[in-house]
Amino acid sequence: MIEKKDVEYVAWLARLELSEEEIERFTRQLGQVLEHAEKIKSLDTSEIRPTSHPLPLKNVMREDLVKPGLTQEEALSNAPRAEGGYFVVPRII
Amino acid sequence: MSAYEAVIGLEIHAELKTSSKMFCACDASFGGEPNSRTCPVCLGLPGVLPVLNRQAVVLATRLALALNCEIAPHSIFHRKNYFYPDMPKNFQISQYDLPLGVGGHLEVEADGESFRVGITRVHLEEDTGKTVHVSESGRIHGSEYSLEDFNRAGVPLLEIVTEPDIRTPEQARAFMQELKSIMEHLEVSDCRMEEGSLRCDANISLRPAGSTKLGVKTEVKNMNSFRALQRALAYEIERQEGVLESGGEVNQETRHWDADANVTTPLRTKEYAYDYRYFPEPDLVPLELDREFIASVEATLPELPAQRRRRLREDYGLPAHDAVILTSSKAMGDFYEAAVAAGADPKAASNWMMGELSAYLNAKGMEIEEVPVSPAQLAGMIKLVEKGTISGKIAKSVFEEMLESGRSAEEIVAERGLTQISDEGELDAVVGEVIKENASVVEDFRKGKEKAVSFLVGQVMRKTQGRANPQLVNDLLLRKLRGGD
C-alpha cells in the first residue's frame, strides 16, 4: 500500500511542492489507482506481449536528411534569460 | 603478483555519424554557434513528435553485427526521466529492457595475448546538450548559473555495455582501441574523444585472486582519452587495494577521474542518486528488424580490423605486432596500404610508420590525417634509401623535414645536397685523411683489433656529414689498411 513518504518521494522526483493537505489527498487517490492496478494484475497475461504502443504500427522511420530548424534567435525567444546565444539556467547544485 | 584480481566492465557512448539528429531533421555535425541547430522537437516544445532516423538504425545494426550481437526481432524505446538542464524535455529517449543488440563478444589482443570480452548490449539513445558552468573554476560547484547549448541534444548515440570480462587497465585500453578502430572501419562514428563523440565509463571492483565472487564496485567517469582510462583504472585498483588491505570496505559510488591531480574523487552521492522511472516512449512505435533488413546491413559490412590484420600479415609478410599497430586506426591502415601501393617496400613502410611517424604524431599530439606527408611521399623516400641515393641516417632527417613541410624527399635531398657519396674517388681522399689523423687507431687495427675499423668509418661519416655510403667506406678502409698504403 502507498504511504505518505512514497508520495513525498515522487513529488520530490517531479520537483513538485505539495502542501500537507495535498499529500494526504494524493496518498488516498494514488492508493485507489494502485488498488485498481492490483486487480488487473490478477489476470493471467503470461501469453500476451506487453503493449508499448496502442496502434499496430512498427518501424516508422525518416530518411537521414537535414532540414532547417530554428534560428538561434527563434530558439531563444521563449527563454526567460539568455546570454551569448546560450539558455541561462539557474544554479544546478 | 597482487593478492587481488580486478574485474572491469566498460560502458561506452559513441555519437553516430549521421547527417541529421536521432528524432528530428536538425544538423547533427559538430560545432556551430550555440543553439543554432535546434527545432521544436529537440527543444522539447509542446505538441511535437519524434521520428526515428533510419540511418541511425542502420549504423547501430552495423556495429551490433560487427560485435557478434544478436539483433533483437522486437525492440522499443523508453523514456529515462531525470531533471538536469542538459535535456530540455526532462527525459532522454533511450532503450531499456529491449535493446537493439544483445549477447555479443569481441576478441582483443594485448601484449601478444588474445582475450575475449562479452558485449552485454548495444542500444540507441540520444545525446544531451552541452552545459557551461559560469564560475571562476568552470566547475559546477560554486557556479552562479549555467549556460545551455542544445546543438548536441538529440544527436544519435550508441551505448555499448560490456560484460565484466576485463582484468587489467592495459586490457581496458586495448579493448577501447579495438572498438574505436572497428567503429572507424565501419564508419559508424568519428570516435573523437576530445570532441566527446567517443566516451567511456568503467565499473571496477577487486576480489581475492582465485575467487569467483564479485567485490563491491565503483563507477569511474570522466576519462577523456585512452591514457586517462588506463591511468584512472590503475589508480582505482591501487586505491581499492589500500582500502581492502587496511580491513575496510569499498563504498559503492560514482567517482570522477581528475586528470590533473591523477586521482579519482567521489561525486556527492545524494546529488546523483537517480531514480529514472523508465517507461515506454509513447511517441515512438516498436522497431522490428527482419532478416531481410539485417542481411542487407550484413552485406555492406566492410573489412574489420581483425580481418585486415590477417591480410596485412599474409599479403605483406608483416609480423603480428606490426599488423596490430597499423590497424590501430582506420586512417593508419589506409595510409600504410596507400604507401605500399605507391611502391614502398612493405616492411620498410611499416618500420617508418611505427617508428618515426608514430613518434612524431605522439610528440605533436596529432592524428595521421593531419600530417602534410602523403603515402606516396613516404614511398618516394623509402625508394631513395633503397636505391642508395641517401643513407638510412640521412633519411631520418629528410623525413623529419617532410613531416614539417609536406615537401617530397627528392626535393629536400636535391636542395640540401644530401645525396649519398658512393663515388670512390670522392671518398678516397677523406679516407686517406682519416687514416693519417688516427695513427694510433690504425696501429691497433694492424695489431689485430679488427673492431677499430668501425671507429674510422665513423670519422669518415662525420667528415662527410653522414653522406658517405658506409659500406663503401668500410670496404675502402679495409683495402687501404690491409694493403698497407
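Reader: Which residue of β5(B) does B:His78 stand opposite?

Author: This is a predicted model. Strand β4 of chain B spans residues 78-81 and pairs with β5(B) over 4 bridges, in the antiparallel sense. Across from B:His78 in β5(B) stands B:Ser94.

Reader: Are the two faces of strand β5 of chain B covered or uncovered?

Author: The strand covers residues 91-94. On one side lie B:Phe91 and B:Ile93, and on the other B:Gln92 and B:Ser94. These four residues are all buried, so each is under 20% relative accessible area. Both faces are covered.

Reader: How many disulfides does the structure hold over all chains?

Author: A disulfide needs two cysteine sulfur atoms within 2.5 Å. Over all chains, the number of disulfides is 0. B:Cys69 fits this: its nearest cysteine sulfur, in B:Cys191, is 16 Å away, and B:Cys69 is in no disulfide. The count is 0.

Reader: Why is B:Cys200 not bonded to the closest cysteine sulfur, and how far away is that sulfur?

Author: B:Cys200 is buried, at 3% relative accessible area. The closest cysteine sulfur belongs to B:Cys191. No bond forms because the distance is too far, at 12 Å.

Reader: Is B:Cys69 buried or exposed?

Author: The cut-off for buried is under 20% relative accessible area. B:Cys69 has 9% relative accessibility, so it counts as buried.

Reader: Which helices does α7(B) pack its buried residues against?

Author: Helix α7 of chain B runs over residues 330-341. Its buried residues include B:Met332, B:Phe335, B:Tyr336 and B:Val340. The buried residues pack against four stretches of chain B: α5 (305-316), α6 (320-326), α8 (346-364) and α9 (375-386).

Reader: What span does α7(B) reach from its first C-alpha to its last?

Author: The helix has 12 residues. At 1.5 Å a residue, 16 Å is expected. The span in the model is close to that, at 16 Å.

Reader: What area is buried between chain B and chain A?

Author: Contact involves 54 residues of chain B and 36 residues of chain A. B:Arg54, B:Tyr145 and B:Val285 supply 15% of the area that chain B buries there, more than any other three residues. Carbon and sulfur atoms give 59% of the buried area between the chains. That area is about 3900 Å².

Reader: Which residue of chain A forms a salt bridge with B:Glu288?

Author: Between chain B and chain A, the count is 3 salt bridges. In the one formed by B:Glu288, the closest N and O atoms are 3.0 Å apart. The partner is A:Arg49.

Key
Residues numbered from 1 in each chain as written. Chains lettered and ligands numbered in written order. Predicted model: local features only at pLDDT ≥ 70, side-chain atom pairs only at ≥ 80, totals over all residues. Heavy atoms only, no water. Buried < 20%, exposed > 50% of the residue type's maximum accessible area, 1.4 Å probe, protein only. Pairing = 2+ DSSP bridges. Expected span 1.5 Å × (residues − 1). Contact = heavy atoms within 4.5 Å. Buried area = accessible area lost by both parts, 1.4 Å probe. Salt bridge = Lys/Arg side-chain N within 4 Å of Asp/Glu carboxyl O.
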